[in-house]
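Me: I would like to go through this structure by asking what stands behind each description of it. Please set each value against its cut-off before concluding.

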2 protein chains.
Amino acid sequence: MHSDGRKIRSLEVAERAQISRSTVSRVLSGDPRISEATRARVLAAADELGYQPNLIARGLKNQSTGIVGVVVTDLDNSYHAHALQLLIEKMGEKRLAPLVFAGNSVEGAESAIARLMSYQVDAVIALAAPFSQSIIAACRTGSKPLVLMNRHEGEESVSAVGGDGAAAGAMVADHLVARGARSFAFFGGDDSTKISMERQTGFADRLAAHSFSLGTVCTSRYSYDPARRAAVSVLSAAPDAVFCANDTLAMALADAARERDAGPPPMIVGYDNSALAARPLYDLTSVDQNLEEMTSRTVETALAMVFDSQAPTVRLTISPFLVERGSTRPRTS
Amino acid sequence: MHSDGRKIRSLEVAERAQISRSTVSRVLSGDPRISEATRARVLAAADELGYQPNLIARGLKNQSTGIVGVVVTDLDNSYHAHALQLLIEKMGEKRLAPLVFAGNSVEGAESAIARLMSYQVDAVIALAAPFSQSIIAACRTGSKPLVLMNRHEGEESVSAVGGDGAAAGAMVADHLVARGARSFAFFGGDDSTKISMERQTGFADRLAAHSFSLGTVCTSRYSYDPARRAAVSVLSAAPDAVFCANDTLAMALADAARERDAGPPPMIVGYDNSALAARPLYDLTSVDQNLEEMTSRTVETALAMVFDSQAPTVRLTISPFLVERGSTRPRTS
DNA sequence: ATGCACTATTCACACGAGTGCACAACTCAA
DNA sequence: TTGAGTTGTGCACTCGTGTGAATAGTGCAT
């Protein structure tokens, strides 16, 4: 760093090491043709000056910036927030920089994606169901690698890393049956994606295998207040157990049951295993999507597509697991 | 966009408009010397080709990228997540692109800041108490504008936009006294910052003005489980009302009181007015920091420092307001 | 026609880094 | 001394854009 605030350039390093700028560049890129002596001299000079390469310039020349666009909606949902945090961490480990857009309007998302393109991102990671189609279109015309996380709805031609909702539904069915439930309901989200439906059919199918059938099916938007209202109709059917497509729905249901104060609440299973689910107040059995793994795979997939633009599209499915808590403990009534 | 996926450059626009590349550049930068006729021709050509300027190249030439680094910790705290979402939205409106680092380790933060510098960010916005000192140091040596959000602890020489914790404390004291409370406790966070302390003293001072004194003072880390444990000692003092430095603390306290099941719970006031506070289960009176305003001001401040590197450091204080809910309704006992 | 003022456009260089190719320096054999 | 072979460096161009200074074009008065 210069005293006037200007950054150190490779030219300064070159001068201090009594060598040309080209050689500095080669040392930094590990070119084997450079002799040990000069390599050491250059590294020493770079170190003394505190040289940090200008990644913008490098990006321009290399046609690869190391920047990855991340599009996410609804950060107020702790699931998304947590996923974003993990994504950013994993990207850091791979030396990728996340240029993030978070918003809830379609216009906003579209202008944001245009901006991402202008910044020459190497790839885009999307965790934003409502905008999938716009994003897919934009990345196709911009021919940028795209990885959808936790979404399947795109055409087969786009890479996606998702959870196995059907398997989760089956696990939940097994668990509830083992816990002694005999009548079942499903409390789903009304998102336009197939996520909720996949969980539901996995659940229903496995129930059928146990010779039970799925009773009431309700849906609601994925936020608390509407879910709380919808919960009433779920409860009115008085099922032994309810599988919810989301922890927010599950908590709304639990709260509604608590307030109703008539008889024991149903067993409840949530989805996402959010921090709130673990609070003693809810003590909610929940499906954990293994976000740790899902985000790792997502970043790895994006990275692979950056390195090899011919890489085939990847469709990965991460196995979820069930975290059993008090909300599905058999009642001693 | 070319068929082979290469981006359209200004050169292509120039050729299509039968004009030189310089003129294209001037049209886009609104140079008044360009005649209306050619301006229209250039814009038409750009439009037909779908030209989007390469902001990386522009950034290199202009020594200003339009990228702003955002450093944030603990996205699992919904307050931080919400603040980040708002920051990103406001930045989008100002045509700034957020390069985000989110993490909880100091080493991670330091390497991330170094990376931000390499990407030649125009400024840094930090919402990360634990790393303030590293960030301040890094921005100083890199001579990058820095705006701390909701933190005051830096030296006076760094710009900061924060809430008025003392005023909030006073408002809460007024409110609780008006509601009939006579004995008071404070449940604070043990962060190294002065945030919690500021709220506490504002509270205590106003209580004193009402001729009351602050009784029990407990502290805990800002996450649920430790708070839940610490809540027991708060309750053991049996105060009429408790002011909590954070909604998480407040909810932990409310849950502890609910579980204890001995007598009416104290009145409880939280801080941050998170979405959870509004849920009927908690119905928590809470201080709203006016994040909308705080984030707007933060972004505006950063932008001003980008445009004018000589801009004076700014220290803004945003007035909070109190959202009254059921947790401070007078008991009819 | 010539000079002058004024406008619209182009030329050529810069930003900071990466890289193919030419070439300098050195070794070794004849 | 000359030639070939090997090794390490440097020149010069490139990435896509912005911009000061030079130039071409126009109108008008002399």
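Me: What makes B:V147, B:S159, B:V161, B:V314 and B:L316 contacts of B:T301?

Reply: In this predicted model, contact requires heavy atoms within 4.5 Å, and B:T301 meets that condition with B:V147, B:S159, B:V161, B:V314 and B:L316, once its neighbours within four places in sequence are left aside. B:T301 itself lies in helix α13 of chain B, which covers residues 291-307.

Me: Why is B:T301 called buried?

Reply: The word applies to residues under 20% relative accessible area, and B:T301 has a value of 7%, so B:T301 is buried.

Me: Why does B:V72 count as buried, and which residues does it touch?

Reply: The relative accessibility of B:V72 is 0%, which is under the 20% limit, and therefore B:V72 counts as buried. B:V72 is part of strand β1 of chain B, residues 67-72, and, not counting residues up to four places away in sequence, B:V72 touches B:H80, B:L84, B:V100, B:F101, B:A102, B:G103, B:L127 and B:A128. As for B:A83, it stands 11 residues from B:V72 along the chain, and the two C-alpha atoms are separated by 9.5 Å.

Me: Why is B:A238 called exposed, whereas A:D283 is called partly exposed?

Reply: Exposed means over 50% relative accessible area, and partly exposed covers the range between 20% and 50%. B:A238 has 54%, so B:A238 is exposed, while A:D283 has 25% and is therefore partly exposed.

Me: Where do these two residues, A:D283 and B:A238, lie, and what is the phi of each?

Reply: A:D283 is in the loop that runs between α12 (275-278) and β10 (285-288) of chain A, and its phi is positive, about 50°, although A:D283 is not a glycine. B:A238 belongs to the loop between α10 (224-236) and β8 (241-244) of chain B, and here too a residue other than glycine has a positive phi, near 50°.

Me: How do you know that chain A and chain B are related as by a two-fold rotation axis?

Reply: Chain A is superposed on chain B by a rotation of 180° with 0.0 Å of shift along the axis, at an RMSD of 0.1 Å. The two copies are thus related as by a two-fold rotation axis. The same surface serves both copies, since 100% of the contact residues of chain A recur in chain B. Among the residues of chain A, A:L99 comes closest to the rotation axis, with its C-alpha at 2.3 Å.

Me: What makes a pair such as A:S10 and DNA strand C a polar contact?

Reply: The pair must consist of N or O atoms within 3.5 Å. A backbone N or O atom of A:S10 is 2.6 Å from a phosphate oxygen of DNA strand C, so the pair qualifies. A:Y51 places a polar side-chain atom 2.8 Å from a phosphate oxygen of this strand, DNA strand C, and for A:N54 a backbone N or O atom lies 3.2 Å from a phosphate oxygen of DNA strand C.

Me: How do you know that DNA strand D has polar contacts with A:T23, A:R33 and B:S10?

Reply: The limit is again 3.5 Å between N or O atoms. A phosphate oxygen of DNA strand D is 3.0 Å from a side-chain N or O atom of A:T23, 3.2 Å from a polar backbone atom of A:R33, and 2.7 Å from a polar backbone atom of B:S10. Each of these distances is within 3.5 Å, and therefore each pair counts as a polar contact.

Me: What makes up the surface near DNA strand C?

Reply: A residue belongs there if one of its heavy atoms lies within 4 Å of the strand, and 26 residues surround DNA strand C, the closest being A:S10, A:R26, B:S20, B:R26 and B:T38. By class, this surface has six nonpolar, 11 polar and nine charged residues. At least two residues each come from α2 (21-28) and α4 (55-62) of chain A, and likewise from α2 (21-28) and α4 (55-62) of chain B. Of the atoms of DNA strand C within 4 Å of the protein, 56% belong to sugar or phosphate and the rest to bases.

Technical notes:
Residues are numbered from 1 along each chain as its sequence is written. Chains are lettered from A and ligands numbered from 1 in the order in which they are written. This is a predicted model: local features need pLDDT of at least 70, side-chain atom pairs count only at pLDDT 80 or more; totals for chains, interfaces and linings use all residues. Side-chain values use heavy atoms; hydrogens and water are left out. A polar contact is a pair of N or O atoms within 3.5 Å; within protein, one must be able to donate a hydrogen and the other to accept it, and residues adjacent in sequence count only if both atoms are side-chain atoms. Helices (H or I, at least four residues) and strands (E, at least two) are DSSP runs, numbered from the N terminus. Ala, Val, Leu, Ile, Met, Phe, Trp, Tyr, Cys and Pro count as nonpolar, Asp, Glu, Lys and Arg as charged, and the others, Gly among them, as polar. Copies are superposed by least squares on the C-alpha atoms of residues with pLDDT of at least 70 in both. Buried means under 20% relative accessible area, exposed over 50%, partly exposed in between (1.4 Å probe, protein chains only).
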